[in-house]
Amino acid sequence: DPQQIELATAGKRKLRRFIVIDEVVDKLYGSKVREYFEENNVQHKILALPTTEETKSMDLVLNILHEVQNFSLDRRTEPIIAIGGGVCLDIVGLAASLYRRRTPYIRVPTTLLSYVDASVGAKNGVNFLQCKNKLGGYTPPVASFLDRSFLQSIPRRHISNGLGEILKMALMKHKGLFDLLKNHGKYLLDTKFQSCNSFAHHGDAALQTTRIAIETMLEELAPNLWEDDLDRLVDFGHLISPELEMRVLPSLMHGEAVNIDMAFMTYVAHARGLLDAEDKEQILRCMQGLELPVWHSGCSWALIQRALRERLKHSGGQPRMPLPTGLGVADIFNDTSEETLERAYKLWVKD
């Protein structure tokens, strides 16, 4: 908007930006980011940090805040910019929410998982006492900038990892998205979600897939941004995965742990009579086509029981278990018996 540009540049004070970037992303794109700010005559400080589940802590948040304080950030007109995967966006979001009670921030996701998941919504946080995202808050960014060209430099496993969260939305809300993943999954993995004219018979599967995933996520999150209603379809795949993910770090990525959870819950839905055998097999074949794990030896019956007990504390004393009732349709259940869960688990293990 020319008027906004004029307003931004009319002031006598030079534009200033504080940027936190994941250190791996910095090696790949840091020179372009610096060049961008230099060409636009923006005074800037770039802080490159290792942002992983193992480093996702209050210590890293405080590290960022020390640097922000030294930069003398204006808490109303100079948003902090986060460039990286979901962990980076979560950490910076929490730091921004704490600095002078709330400083605006911008999310620039660089992984598929953060592109369709962390970029949307208001949540931020860090791990605490070996529990995933135990400390955090709800502070939405002022903007999320989505650029799929970042995805071309991430490993194939990271693409698969992000497909886990996209499949979640497909199974809960959108049969058309499920069909896109089933029919174009290998193509999306091979092309790393880049739009390629040479594959006309695929259409623009990358654009369609990401757009539908984000739109369905927004449909669920926007009316319930602060989680006042704890009945959330987006919790599918997030009942036992937090316990599993933290227990086996770093062997599973977030989307992989979510998919293992979804695979088990697919068996639970089948055991309850909500899914027929054909739909169950379609879901599992789709998961395997997306190169996602459907099982992990660390996911013991004892871990599942412990995770579901923790879920009761987290969700107001009810399990609030989202389960597929078909392909692209779902509901939330509070009456799944221990006997049904154990029967589903035994069949899952056997298969």
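Colleague: A disulfide is a pair of cysteine sulfur atoms within 2.5 Å. How many does a search of the whole structure find?

Modeller: Some ground rules: residues are numbered from 1 along each chain as its sequence is written, and side-chain values use heavy atoms, with hydrogens and water left out. This is a predicted model, where local features need pLDDT of at least 70 and side-chain atom pairs count only at pLDDT 80 or more, while totals for chains, interfaces and linings use all residues. As for disulfides, the search through the whole structure comes back with zero.

Colleague: Take cysteine 299: which cysteine holds the closest sulfur, and why is there no bond?

Modeller: Cysteine 299 counts as buried at 0% relative accessibility (buried is under 20% relative accessible area, exposed is over 50%, and partly exposed is in between, using a 1.4 Å probe and protein chains only). Its sulfur has no partner because the closest cysteine sulfur is 17 Å away, too far for a bond. That closest sulfur belongs to cysteine 131.

Colleague: And cysteine 286, is that one buried or exposed?

Modeller: Go by the relative accessibility of cysteine 286, which is 4%. With that value, cysteine 286 counts as buried.

Colleague: Okay, zooming out: how far apart are the C-alpha centres of domain 1 and domain 2?

Modeller: First, the split: domain 1 is 2-152, and domain 2 is made of 156-224 + 232-350. Those bounds come from an automatic or database domain assignment. Between the two C-alpha centres the distance is 28 Å.

Colleague: How much area do domain 1 and domain 2 bury between them?

Modeller: In this pairing, 20 residues of domain 1 are in contact (heavy atoms within 4.5 Å) with 28 residues of domain 2. Buried area is the accessible area (1.4 Å probe) that two parts lose on being put together, summed over both. Here 67% of it is on carbon and sulfur atoms, and the total is about 2000 Å².

Colleague: Which element gives the most to the side of domain 1 that touches domain 2?

Modeller: Across this interface the rule finds two salt bridges (a side-chain nitrogen of Lys or Arg within 4 Å of a carboxyl oxygen of Asp or Glu), along with five residue pairs in polar contact, both residues at pLDDT 80 or more. A polar contact is a pair of N or O atoms within 3.5 Å; within protein, one must be able to donate a hydrogen and the other to accept it, and residues adjacent in sequence count only if both atoms are side-chain atoms. On the domain 1 side, the elements giving two or more residues are α5 (112-118), β5 (123-128) and β6 (131-138), where helices (H or I, at least four residues) and strands (E, at least two) are DSSP runs numbered from the N terminus. With five residues, the top contributor is α5.

Colleague: How many salt bridges does the structure hold?

Modeller: Side chains of opposite charge can pair when their charged atoms come close. One such pair is glutamate 310 with lysine 134, whose closest N and O atoms are 3.1 Å apart. Counting over the structure gives 28.

Colleague: Arginine 16 forms a salt bridge with which residue?

Modeller: Arginine 16 sits in strand β1 (residues 16-22), and its partner is 62 residues away, in the loop between α3 and β3 (80-84). Arginine 16 is buried at 8% relative accessible area, and the partner also counts as buried, at 4%. The closest N and O atoms are 2.9 Å apart, and the partner is glutamate 78.

Colleague: How many residues apart in sequence are the parts tied together by arginine 320 and aspartate 231?

Modeller: The closest N and O atoms of this salt bridge are 2.9 Å apart. Arginine 320 is buried at 15% relative accessible area, whereas aspartate 231 is partly exposed at 35%. Arginine 320 lies in the loop between α12 (301-314) and β8 (321-324) and aspartate 231 in the loop between α8 (205-221) and α9 (241-247), so the separation is 89 residues.

Colleague: Last one: which residue's backbone oxygen does the side chain of threonine 55 reach?

Modeller: Threonine 55 is in the loop between β2 (43-49) and α3 (58-71), partly exposed at 26% relative accessible area. Leaving aside neighbours within four places in sequence, its contacts are Pro50 and Leu60. The side chain reaches a backbone oxygen at 2.8 Å, that of proline 50.
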